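Visitor: I've got a few minutes and a fresh model to look at. Could you walk me through what holds it together?

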Amino acid sequence: MTQLDIKMRVGLRIKELRTALGYSQETLAFSIEMSRTYFAEVETGKRNISIENIDRIAQGLGVSLKEFFNSDLFVK
């Protein structure tokens with residue numbers, strides 16, 4: 001199995017947390033005042049997201065950065 005790049009892993013984690021809450025991309029993006037198009041590109045691993053925006057998304061998902069990165073996706 002190939003190692004997913006960090007952009008893909010961050011996007012998968014966002015999607016995992018978002019879907020667990022039952023939020024659509026549009027709902028979450030709107031709630032954190034982020035463009036839905038930009039958010040969708042982050043979630044699909046097409047954007048290199050800043051740590052500030054990761055924090056913004058994590059807050060919108062109701063998790064700390066520690067909780068966000070506490071996933072098998074980030075274990076090497």
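Guide: One cut-off before we start: buried means under 20% relative accessible area, exposed means over 50%, and partly exposed is in between. Keep in mind, too, that this is a predicted model.

Visitor: Fine. Is Arg47 buried, exposed or partly exposed?

Guide: Residues between 20% and 50% relative accessible area fall in the middle class. Arg47 has 36% relative accessibility, so the label for Arg47 is partly exposed.

Visitor: And which residue does Arg47 pair with in a salt bridge?

Guide: The closest N and O atoms of that pair are 2.6 Å apart. The partner has a relative accessible area of 26%, so that residue is partly exposed. Arg47's salt-bridge partner is Glu41.

Visitor: How far apart in the chain are Glu43 and Arg18?

Guide: These two form a salt bridge, with their closest N and O atoms 2.7 Å apart. Glu43 sits in helix 3 and Arg18 in helix 1, so the pair links distant parts of the chain. Both Glu43 and Arg18 are buried. Their separation is 25 residues.

Visitor: What about Glu16 and Arg13: what separates them along helix 1?

Guide: They form a salt bridge too, the closest N and O atoms being 2.5 Å apart. Glu16 is partly exposed at 42% relative accessible area, whereas Arg13 is buried at 10%. Because they are three residues apart in helix 1, the gap between Glu16 and Arg13 is about one helical turn.

Visitor: On to the nonpolar core, then. Which helix supplies the largest share of the largest one?

Guide: That core has 18 residues, and Val10, Ile14, Phe39, Ile49, Ile57 and Phe68 touch the most other members. Helices 1, 2, 3 and 4 each bring at least two residues to this core. The largest share is four residues, and the supplier is helix 4.

Visitor: Within what arc do the buried residues of helix 4 fall?

Guide: The buried residues there are Asn53, Ile54, Ile57, Ala58 and Leu61. What covers them includes helix 1, helix 2, helix 3 and helix 5. The face turned away from that buried side carries the exposed Glu52 and Gln59. Looking down the axis, the buried residues line one face of the helix, because they fall within an arc of 140°.

Visitor: Last one: which residue just after helix 4 takes a positive phi?

Guide: Helix 4 runs 51-61, and the residue in question comes just after it. Its phi is about 75°, and the residue is Gly62.

Technical notes
Residues numbered from 1 in each chain as written. Predicted model: local features only at pLDDT ≥ 70, side-chain atom pairs only at ≥ 80, totals over all residues. Heavy atoms only, no water. Core = buried A, V, L, I, M, F, W, Y, C linked by side-chain atoms within 4.5 Å. Buried < 20%, exposed > 50% of the residue type's maximum accessible area, 1.4 Å probe, protein only. Arc of directions from axis to C-beta. Contact = heavy atoms within 4.5 Å. Salt bridge = Lys/Arg side-chain N within 4 Å of Asp/Glu carboxyl O.
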